[in-house]
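Hello, and thanks for asking me to take a look. Here are my notes, in numbered points, to read alongside the model.

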There are 2 protein chains.
Amino acid sequence: MDSVKIEFNFDTVKIKVFNPLMKSSKQHYHHGNLTKSLLDSASQIIREEGVENLSMRKLADKVGVSRTAPYHHFKDKNALLCVLAEKGFHDQQKMLTSLIKQNLSAQDGFKQYVHLYLSYALEHSEIYDLMYGRAIWKAGYPSESLKEASKQTFKCWIDWVSKLQGQHILATNNTPLRIGQTTWASLHGLARLFIDGIYLDKTDLSQMSEQMIKNLCSHSSTRV
Amino acid sequence: MDSVKIEFNFDTVKIKVFNPLMKSSKQHYHHGNLTKSLLDSASQIIREEGVENLSMRKLADKVGVSRTAPYHHFKDKNALLCVLAEKGFHDQQKMLTSLIKQNLSAQDGFKQYVHLYLSYALEHSEIYDLMYGRAIWKAGYPSESLKEASKQTFKCWIDWVSKLQGQHILATNNTPLRIGQTTWASLHGLARLFIDGIYLDKTDLSQMSEQMIKNLCSHSSTRV
DNA sequence: TTACGATATGGACAGCGTCAAGATAGAATT
DNA sequence: AATTCTATCTTGACGCTGTCCATATCGTAA
């Protein structure tokens with residue numbers, strides 16, 4: 001182990017020296033928990049540098065492992081991105097359900113949801129982009145479990161829309177599905193304009209989201 | 001010209017044979033109109049294969065020119081994408097102004113606009129993605145003329161929103177800017193969900209856009 | 001002890017954007 | 001008509017990417 005090794009590879013001679021002063025005296029050939037490390041580091045990279053600056057090689061390097069090691073834990077880059085996106089859905093789901101449990105008034109509940117949805121989207125913009133962007137859904141291919149997670153999140157949203165319609169917060173002139181789709185599209189569009197860098201001045205956001213809430217709610221008898 | 005040429009390049013010998021049966025007997029060293037050819041071919045590639053499958057090398061190859069030739073016409077890939085996006089804005093602008101000139105009733109005019117906006121977005125989804133996506137605005141950098149084009153398109157939209165507010169088609173509870181921003185965000189969001197592959201079934205689109213129109217218009221006294 | 005499966009490695013390949021140096025052609029100038 | 005200039009096009013090179021392959025090592029089960 002802690003020794004000088006000499007390998008003969010055809011025409012090259014390599015010498016590996018294991019320095020006993022290195023951080024850990026135990027030199028693990030196996031990383032131990034590479035899957036998790038990869039996901040954590042990948043999250044950090046996309047948070048700090050954007051999703052287009054995440055490369056498998058850079059990631060492997062950051063974790064301190066050879067460039068092909070990640071491929072024993074994820075089929076390919078797309079698979080890794082799918083897992084990140086899936087985690088995003090679970091986080092978002094948790095957020096939503098905890099909000100619903102708070103048992104706010106319907107009015108406040110929806111307002112809070114809009115703000116929470118938008119702040120999640122902007123604060124985790126790179127994850128949001130994976131969850132709802134073309135990188136996976138169009139350029140790549142969503143994993144089955146990702147499809148499942150997104151479907152469940154959507155279903156949960158539609159159920160809630162149905163309740164909000166019952167309380168005359170959202171429009172009642174169509175099915176929960178259609179109202180859910182269009183309402184979500186509106187929020188998504190607002191989020192995307194900021195996430196994609198079309199709008200930069202985030203001081204406008206609060207006014208825009210306030211107005212969006214008015215747009216979405218003012219179909220009901222009780223105006224906001 | 002129409003001859004066998006022998007070049008001695010250090011250690012390689014290349015023989016170019018100009019076949020007189022080729023389409024054009026004149027063999028141009030200069031392409032002639034490479035800028036336009038590049039833009040046309042690039043449009044075709046992104047239309048057929050998506051924006052992520054456009055590479056400078058593939059493009060050069062398609063046009064029949066060496067891989068670095070395009071760099072004499074566009075500073076870099078970003079610059080080429082900017083020109084494509086800018087053309088998109090001009091097209092869209094033309095579309096909008098021709099619709100306004102038709103002098104439809106305000107109600108019909110807006111409805112038509114929504115349908116036109118969405119059909120443009122979906123039919124030219126890759127160009128739309130360049131115009132309003134992160135590839136240029138976040139991952140890349142918009143050219144000055146692109147910024148100008150987008151600003152002008154937006155200004156034109158806000159002016160029209162103002163008129164629609166005057167005719168009580170759109171909500172009047174905020175400035176044209178805010179109403180314009182949120183209304184646009186809603187349309188944009190709907191477009192993106194289809195463009196990015198989140199929604200695939202386009203038979204739903206017409207119902208969704210109908211409902212979106214209702215959402216956006218029903219603030220006024222005259223319901224749709 | 002041995003065999004095996006999970007995990008890690010380096011080599012290799014094809015692709016990418018783009019810089020730098022050199023070649024060529026057509027137009028402008030002498 | 002000869003020369004110079006400039007726009008255009010070329011090949012070579014560099015460093016980056018995703019990922020396949022054969023190989024090496026480790027922990028564990030037989």
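1. A salt bridge here is a side-chain nitrogen of Lys or Arg within 4 Å of a carboxyl oxygen of Asp or Glu. With that rule, 10 salt bridges are found across the interface of chain A and chain B, and the structure holds 24 over all chains. One at the interface joins B:R134 to A:D129, with 3.0 Å between the closest N and O atoms.

2. Some housekeeping before going further. This is a predicted model, in which local features need pLDDT of at least 70 and side-chain atom pairs count only at pLDDT 80 or more, while totals for chains, interfaces and linings use all residues. Residues are numbered from 1 along each chain as its sequence is written, chains are lettered from A and ligands numbered from 1 in the order in which they are written, and side-chain values use heavy atoms, leaving out hydrogens and water.

3. How do the two protein chains relate to each other? Superposing chain A on chain B takes a rotation of 180° with 0.0 Å of shift along its axis, at an RMSD of 0.0 Å. That is the relation of a two-fold axis. The fit is by least squares on the C-alpha atoms of residues with pLDDT of at least 70 in both copies.

4. Contact (heavy atoms within 4.5 Å) links 42 residues of chain A with 42 residues of chain B. Of the interface residues of chain A, 100% are also interface residues in chain B, so the copies meet through the same surface.

5. The size of an interface is often given as the accessible area lost when the parts come together. Chain A and chain B bury about 3,800 Å² between them, 50% of it on carbon and sulfur atoms; this is the area accessible to a 1.4 Å probe that the two parts lose on being put together, summed over both. In chain A, the residues that lose the most area to chain B are A:R134, A:R178 and A:Q211, together 17% of what that side buries.

6. Polar contacts are pairs of N or O atoms within 3.5 Å; within protein, one atom must be able to donate a hydrogen and the other to accept it, and residues adjacent in sequence count only if both atoms are side-chain atoms. Across the interface of chain A and chain B, 17 residue pairs are in polar contact, both residues at pLDDT 80 or more. On the chain A side, α5 (125-132), α6 (134-139), α8 (176-195) and α9 (205-217) each supply at least two residues, and α8(A) gives the most, with 13 residues. Helices are DSSP runs of H or I with at least four residues, numbered from the N terminus.

7. What is the make-up of the side of chain A that touches chain B? Its residues divide into 15 nonpolar, 16 polar and 11 charged. Here Ala, Val, Leu, Ile, Met, Phe, Trp, Tyr, Cys and Pro count as nonpolar, Asp, Glu, Lys and Arg as charged, and the others, Gly among them, as polar.

8. Now to DNA strand C, where a residue is near if one of its heavy atoms lies within 4 Å. It is surrounded by 23 residues, the closest being A:H31, A:S66, A:H72, A:H73 and B:R57. Base nitrogens of strand C lie 2.9 Å from a polar side-chain atom of A:R67 and 2.7 Å from a side-chain N or O atom of A:H72. A polar backbone atom of A:S66 is 2.5 Å from a phosphate oxygen of strand C.

9. DNA strand D has 25 residues around it, the closest being A:R57, B:H31, B:S66, B:H72 and B:H73. Sugar and phosphate make up 50% of the strand D atoms that come within 4 Å of the protein. A side-chain N or O atom of B:H72 is 3.1 Å from a base nitrogen of strand D, while a polar side-chain atom of A:Y71 lies 3.1 Å from a phosphate oxygen.
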